[in-house]
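Thanks for coming, everyone. Please take a moment with the sequence and the structure before I start.

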Amino acid sequence: GSRVSAWLNWPVGWHLPAAWTPIRRRGARAGKHVALETLCVKVLGLLGKHLMYLLADDGAAEGHRGTSPRHRAVQRAGAPRAVLVSVNGGPPILFELHAGQVLHVGRASTSDIVLPSQKVSAHHLELLPDASGLTRELCVRDTSTNSTGVRHGPQAEWEELGNGRLRTLPHGAELLVPFRTAPARGKSKKSSEKVEHQRLTVQYPDVPLGPCLDPAVHSLPDAYDPQTGAGRWRYCELLGEGGLGIVYRAFDMVGGLGTVAVKVSKWSAKSHGSRTAHEAWQVFIMHREAQWSLQCLHRRADHRYNAQQASLFVQHLEDHTGFPATYGTAEEFDAVRALYEAPDLSWGSLTFNPPLPAAPYVVMELVFGQPLSKVKCEETLRPSERCSIIRQAAQALEYLGNFGLIHRDFRTSNINMAGRSEWCRIKVLDLGLVIAIEKRHVMNPNLAVKACWHRQQRQYDWVPPRVKERPYPNFEVPLHSFDAYSLGVFVLRLYGGKQWARDVLKYGTRSSRWRALLRERGLEGHQLLLLQQLLGPPDQRPPPREVAGVLVAANAVELVASGPPPTSERRSRSPRRSIDGAVARAGAEPKWRGASPSTLGGLGVGSVLAGEGEKK
């Protein structure tokens with residue numbers, strides 16, 4: 001037993017014990033001696049691990065198989081690793097790593113975490129799971145020219161991690177990028193000390209440790225008290241803030257939800273603490289947002305449910321707004337909506353019994369990645385990534401249309417992106433302005449339905465122009481034209497950013513200047529024609545269903561023509577979308593190579609796509 005333990009702990013560079021001197025004498029030359037010694041250490045280490053596993057299985061055979069070290073290691077190795085990484089104390093970004101996958105950090109635009117500093121190497125470091133599978137913690141490997149600083153917590157001392165070295169990262173570990181900085185040409189060494197280092201904090205969502213927010217200061221509902229055990233949520237940090245709510249990352253200390261996102265209503269602040277019924281429409285909007293997920297988008301019993309398309313939307317887990325948390329049938333939810341969305345409803349005349357909570361909130365899944373508005377899509381995304389994001393965006397709007405819903409707030413700040421290359425995935429975050437397509441809502445003045453897009457002090461570039469004109473309707477006809485226009489603006493932002501998109505929208509889609517600006521960003525051919533229709537008159541805008549069909553078809557043609565990516569590019573934090581699956585979604589048959597315009601859909605761009613498919 002002691003020798004087995006010793007073999008497990010022998011690194012390759014150590015010398016063998018004196019008991020192995022017969023083996024040492026056989027290696028007369030130094031090179032042979034070192035090679036033989038290294039080989040012996042590796043062989044003995046493997047034998048020792050195998051013997052330990054056998055001993056563990058012997059103990060497990062007596063009724064403890066589920067707790068044996070070997071089976072625990074196998075279970076851990078197969079499970080994905082979730083990690084939260086925050087940069088310079090900002091909101092954390094959630095990543096998921098499977099065995100063999102790597103999280104890249106550096107200055108390069110293709111990195112998973114981009115650090116825009118000239119002192120940071122293009123590929124500075126990598127975060128990867130422990131290959132042994134014996135721990136849930138990740139490892140960091142330096143791949144830079146000026147090292148990486150590592151410490152186990154804010155109070156610990158920095159240690160230098162050299163190129164190629166590995167270090168295990170416990171919960172709350174910090175990384176300093178870069179660790180060493182050299183002065184630039186013509187500058188003294190003192191000036192280099194002013195270089196801003198990038199500090200990364202690594203946390204694990206399933207570990208309820210580390211600093212937390214003070215519930216008294218932030219007015220956090222149902223906050224956990226470690227002294228009395230009362231409450232449920234341990235609030236870790238602020239993730240973001242919108243017009244009607246504030247989102248926190250929290251850990252479920254009582255239930256089994258683990259790390260989640262808690263969205264707290266701001267209606268108390270909006271009503272100056274009075275929480276009058278006149279402002280209760282804000283709470284109903286949050287309630288309706290949660291129920292769109294619970295009753296429609298993520299309800300498996302619904303015949304319109306689609307697991308792949310449902311994954312494009314954030315899933316709500318619990319509703320604590322004071323309105324009914326659950327409904328027995330969809331008709332019950334529709335009846336409540338009909339009551340609180342009535343055009344002649346006066347919110348100030350309502351009385352709630354029991355009263356609405358002081359801080360209504362909903363619980364959502366914690367979403368991977370970060371908002372597209374923070375990614376700088378025009379600089380960091382590859383063309384294939386943009387196409388993948390646009391295709392998923394069209395599929396998300398198509399899924400909403402299957403339930404008779406329109407989004408009305410479809411923009412980059414409300415959509416998260418996770419993963420890189422062709423495996424990047426998006427998730428729609430905000431459903432606050434989503435309403436059902438009903439005739440009574442066209443001019444409905446109810447504050448739970450009406451959106452004030454006509455205010456002059458703000459630019460709502462994703463909103464169709466006619467909606468911002470008198471008499472200020474809530475959506476356009478045809479009913480899909482609102483989200484179709486937002487999808488077109490979404491595409492512009494992906495290629496040129498928010499300000500560039502606003503500059504382009506100043507010109508008509510028929511003007512030569514409009515086309516020239518798009519060609520400068522590489523938007524030509526079927527993409528240019530598609531944008532002309534999405535941003536054109538309402539009656540010419542194609543529904544998201546047709547847009548998604550054309551984009552999926554084009555993606556299938558490209559995948560079949562180019563074949564699978566190299567093995568070195570298959571590592572991703574998201575499951576790979578197979579070629580067969582793409583072809584099946586596009587039309588099930590490999591007849592795409594000779595597709596006709598009618599096969600590709602009636603968007604006026606089928607012939608262009610079919611021509612590209614034949615060429616490829």
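**Helix packing, a cavity and some loops**

Let's begin with helix α13, residues 481-505, and helix α15, residues 526-534: they pack at an angle of about 135°, and their axes are 8 Å apart. One caution at this point: this is a predicted model. So how do we class that angle? With the angle between 115 and 145 degrees, outside the ranges that have names of their own, α13 is oblique to α15. The crossing of this pair is left-handed.

Which residues make the contact? From α13 come Ala484, Tyr485, Leu487, Gly488, Val491, Leu492 and Tyr495. From α15 come Gln527, Leu531 and Leu534. Sort the residues of that contact by class and you get 8 nonpolar and 2 polar. None is charged.

Stay with α13. Its other partner on my list is helix α12, residues 383-402. Here the packing angle is about 165°, and the axes are 11 Å apart. An angle over 145 counts as roughly antiparallel, so α12 is roughly antiparallel to α13. This time the crossing is right-handed.

Now the residues. α12 brings Arg386, Ile389, Ile390, Ala393, Ala394 and Leu397. They meet Asp483, Leu487, Phe490, Val491, Leu494 and Tyr495 in α13. Look for Leu487, Val491 and Tyr495 in both contacts: they face α15 and they also meet α12. By class, the α12 contact with α13 holds 10 nonpolar residues and 2 charged ones. There are no polar ones.

Just ahead of α13 in the chain, look at the loop between β21, residues 435-436, and α13. Pro478 lies there. A cis peptide bond joins Val477 to Pro478, with omega about 0°.

Next pair. Helix α8 spans residues 281-297, and helix α10 spans residues 330-340. They pack at about 160°, with axes 12 Å apart. That makes α8 roughly antiparallel to α10. α8 passes α10 in a left-handed crossing.

What does α8 put into this contact? Phe284, His287, Arg288, Gln291, Trp292 and Gln295. Across from them, α10 offers Ala330, Phe333, Val336, Arg337 and Tyr340. The classes here are 6 nonpolar, 3 polar and 2 charged.

After α10 comes a loop that runs to β16, residues 361-365, and Pro354 is found in it. Asn353 and Pro354 are joined by a cis peptide bond. Omega is about 0° there too.

Now for empty space. How many cavities of 30 Å³ or more does a search of the whole structure find? The count is 3. I'll take the second largest, which holds about 40 Å³ of space.

What lines this second largest cavity? His171, Gln203, Tyr204, Val207, Pro208, Leu209, Arg234, Cys236, Arg249 and Phe251. Two or more of the lining residues come from each of β12, residues 233-241, and β13, residues 245-252. By class, the lining has 6 nonpolar residues, 2 polar and 2 charged.

One last stop, on the way into β12. Asp222 is found in the loop between α6, residues 215-218, and β12. What is the phi of Asp222? It is near 55°, a positive value in a residue other than glycine.

To recap the helices: α13 is oblique to α15 and packs against α12 at about 165°. The α8 and α10 pair sits at about 160°. Over to you for comments.

Conventions: Residues numbered from 1 in each chain as written. Predicted model: local features only at pLDDT ≥ 70, side-chain atom pairs only at ≥ 80, totals over all residues. Heavy atoms only, no water. Axes fitted to C-alpha atoms, helices over the stretch in contact; angles between N-to-C directions. Helix = DSSP H or I, 4+ residues; strand = E, 2+ residues; numbered from the N terminus. Parallel < 35°, antiparallel > 145°, perpendicular 65-115°, else oblique. Left-handed = near helix turned anticlockwise from the far one by under 90°. Contact = heavy atoms within 4.5 Å. Nonpolar A, V, L, I, M, F, W, Y, C, P; charged D, E, K, R; others polar. 1 Å grid on protein atoms, 1.4 Å probe; cavity = no way out; pocket = protein on both sides within 12 Å on 5 of 7 lines; lining within 4 Å. Points joined across faces, edges and corners; volume = space filled by probe spheres on them.
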